[in-house]
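Reader: I should like to take a close look at a single part of this model and to see how it relates to its surroundings. Please begin with one residue and work outwards from there.

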Amino acid sequence: MASEGDRRSDPEVERRSRLLGGLHFEGEGARGVAIALLSTVVFLAVVIVAVTQSTGWPEVKRSFFDWGDISSSFPDIARAFVLNVKLFLVCEVCILILALVIAVLRSLPGPVFFPLRALAVIYADLARGVPTILVIALLGFGAPALQLTGVPRSRLFWAGVGLILVYSGYVSEVYRAGIESVHPSQEAAARSLGLSRFQALRRVILPQAIRRVIPPLLNDFIGLQKDTALVATLGIVDAFNQSQIYSQATFTYGSYLAAAALFVAITIPLARFTDWLIARDRRRRQAASGFA
Amino acid sequence: MSALKLENVHKSFGDHEVLRGIDLDVAEHEVVCLIGASGSGKSTLLRCVNLLEPLDAGRIWLGDEEITRRGVDVNAVRQRIGIVFQAFNLFPHMTVLRNVTLAPRDVLKLPRAEAEARALDLLRRFGLESRRDEYPDRLSGGQQQRVAIVRALAMRPELMLLDEVTSALDPELVAEVLNVIRELAEGGMTMVIATHEMSFARDIANRVCFLEDGQILEEGPPNEIFASPREPRTQQFLERIIEAGRL
C-alpha cells in the first residue's frame, strides 16, 4: 500500500488540500499552524483598529451595522430571495443545454457547416458584448410590448430569457475550450471503431471535455447567481429590490447586508459542491485501481 | 479474392505529396509489414485504408466492396477494420472493460451482457482480465497497447491495421505486445503492420514492403528483402538499421 514515497498522491491528502482551497500552511505541523494563527490575528487586529478609528465609522456603524435593522429586514428579504434562487436554477438548466448546443455547432468541422459555425460565433460575440443590464432592459421592456400571441408577457420571464442568452454566450465558450482540449486522436480512435460523429461526441469527447471545465463553469454560475439581482431594474421584487425598499423606508443600509449574506450563503455551498465533484471523480479513479 | 486492394492511391497534405501512387494487394490471412524511414508514408497509408484520411486519387477495396466510392457508409466500413495506433489512444475516462465494450454496444448494438462476455474472453486470452476495472492511466504502456488491440478485436474485424504499435513503448515492454500480434497472425488474422521492428517483421511477415517517398519501392518475402534487397535505397535503409543495432 501507500509507502512514504507516494504520500503526495494519497487520495485522502489530496481531497483535504482541495477542500482547503487556497489555504496552504507552508511550515509543516504545529509550528506552521501557530504561525498562521498568529499572523491572522495580527492582520485582523490591524484592520479592525484602522476601520473603527476612522472618522466616518460611527455614522457607517449606525446605518449599516445596526443588528436590529439587519435582523428585522431579513425575513422579507429572504422571502424575496426565493425568487432569485428559482430564477437562478431555471436559467442554469437552460444555459447548460443551450450553451452545449452552441459549442457543439461551433466545433463542427468541414465547409458544409460554415453557416452554423458563423452563427455560433456571432451569437457568442453579441451575447458577451452587450452589457447584461441592457439585454435585460431591452427584453424586459421591449418583448412584452410586442404583444406576441402564445408568448408570456411577464417581465420576469423575459428577464430570465435575457440572463439565459447572455450567459449561454459565456458558457458556450467554456464548453468549446473543453472540447478543443480533447486531443483529436481521441476522436480518431472512436471513429475508427465505427462510432458515428455524434456517438464519438457523446461518448468520448464531451465526457472528457465537460469534466475538464467544471471549475470555470462554476465561476460563470456564481456570476449568474449574483446577476439575478439585475431583475430589480425591471421593477421585479427580488432580494435586492426588497432590501432597497426597506432601506428607503428606514434610511439605513443594514438590509443590504442581509441581502448580501443571502447571496454569499448559496455561493459558498456551490463552490464546495464543485470541489466535491472533482474530488469524487479523482477518488473513484484511484479506488478502482489495484495499486497506488 | 484479396482481403484488401489498393490501386494508385495518392494523398497530399498541402503541397507535400505523402503517398504517390500506392498499389497493394493483401490476400486473406496474409501479414504484410510496411517498413521505411519516418515520413515515408506508412502511417498515412494505414489511415487512408481506414478512411480517416480522404484520398486525393486512387481506389481501395475491402473484400469485394470498393470503400472509396461515393456515398459509402464509412462507419460500416470502419467496423470491419481494426486499427491500433502508436499512442494507444484509449479512452481515459473509461475502464478497460468499458473501452472494449463501447463500440460493440453502441455500434453493433450488442446487449451489455453479450458485449462484456465477448470482451472478457479477449481480455482473458491476452492476460488482461484482472485489469478489467482499471482506468488506462493505471496501466503500463504494454498493457495499454494490449487493451487497444483487444478493443479493436472486440469488433471482430476482418482486417487489422497496426501503426507502429511498439514505437511508444519502453524496450522491455515491446515483447508482450509483439507476442499478442504473433498470436493473431497464427490465428489467421489478415494484417497490415507498419513497423520499425525489423527482426519482428522478418519473423512474422508473409511479405515486406519497403516504402520511400510515398511509393512502394520494393516488396517481397522477408528473407529476400532482408537478405538480398535489389534496390540500392532499400540496401542503404537496412544498413542504417543494422548500424543502429535494430536488426
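Leaving aside its neighbours within four places in sequence, with which residues is Ala189(A) in contact?

Author: This is a predicted model, in which local features need pLDDT of at least 70 and side-chain atom pairs count only at pLDDT 80 or more, whereas totals for chains, interfaces and linings use all residues. Residues are numbered from 1 along each chain as its sequence is written, while chains are lettered from A and ligands numbered from 1 in the order in which they are written.

Once neighbours within four places in sequence are set aside, Ala189(A) is in contact with Phe85(B) and Asn89(B); contact requires C-beta atoms, placed from the backbone, that lie within 7 Å of each other. Ala189(A) belongs to helix α8 of chain A, residues 184-192. Helices (H or I, at least four residues) and strands (E, at least two) are DSSP runs, numbered from the N terminus. Ala189(A) counts as buried because it has 27 C-beta neighbours inside 10 Å. The cut-offs are 20 or more other C-beta atoms within 10 Å for buried, 12 or fewer for exposed, and the range in between for partly exposed, with C-beta atoms placed from the backbone. In its own chain, Ala189(A) is separated from Ala200(A) by 11 residues in sequence and by 9.0 Å in space, C-alpha to C-alpha.

The wider contact between the chains takes 19 residues from chain A and 22 residues from chain B. On the side of chain A that touches chain B, the elements giving two or more residues are α8 and α9 (197-227) of chain A. That side of chain A divides into 7 nonpolar, 8 polar and 4 charged residues. In this classification Ala, Val, Leu, Ile, Met, Phe, Trp, Tyr, Cys and Pro are nonpolar, Asp, Glu, Lys and Arg are charged, and the others, Gly among them, are polar.

The partner chain may now be considered as a whole. Chain B has 9 helices and 10 strands. Its radius of gyration is 18 Å, close to the 18 Å that the globule rule gives for 247 residues, so chain B is as compact as a globular protein of that length; the radius is taken over C-alpha atoms, and the rule is 2.2 Å times the number of residues to the power 0.38. Along the principal axes, the C-alpha atoms of chain B fill a box of roughly 55 × 45 × 35 Å. Buried residues account for 45% of the 247 residues of chain B. Of the contacts in chain B between residues at least 6 apart in sequence, 64% join residues at least 24 apart.

Chain B contains an open sheet of 6 strands in the order β6-β7-β8-β3-β9-β10, with mixed pairing; two strands pair if DSSP finds at least two bridges between them. At its edges stand β6 (81-84) and β10 (215-220) of chain B, each with a single partner strand, so one side of each is left without a neighbour in the sheet. From one strand to the next the twist averages 20°, with axes as lines fitted to C-alpha atoms and angles running from 0 to 180 degrees between N-to-C directions.

From the β6 edge inwards, β6(B) and β7(B) run parallel and are joined by 4 bridges, with Gly82(B) having Met160(B) as its bridge partner in β7(B). Strand β7 (residues 159-163) of chain B in turn pairs with β8 (residues 191-194) of chain B in the parallel sense over 4 bridges, and here Met160(B) stands opposite Met191(B). Since 5 of the 5 residues of β7(B) are buried, this strand is largely enclosed by the rest of the structure. Its covered faces comprise Leu159(B), Leu161(B) and Asp163(B) on one side and Met160(B) and Leu162(B) on the other.

Strand β3 (residues 31-35) of chain B is likewise largely enclosed by the rest of the structure, because 5 of its 5 residues are buried. It is joined to β8(B) by 4 bridges in parallel, and Val32(B) stands opposite Val192(B). Parallel to β3(B), and also joined to it by 4 bridges, runs β9 (residues 207-212) of chain B, where Val208(B) stands opposite Cys33(B).

Helix α5 (residues 141-153) of chain B is mostly covered, with 12 of its 13 residues buried. The elements covering those buried residues include β6, α3 (96-106), α4 (112-125), β7 and α6 (171-186) of chain B.

Terms used
Two residues are in contact if their C-beta atoms, placed from the backbone, lie within 7 Å.
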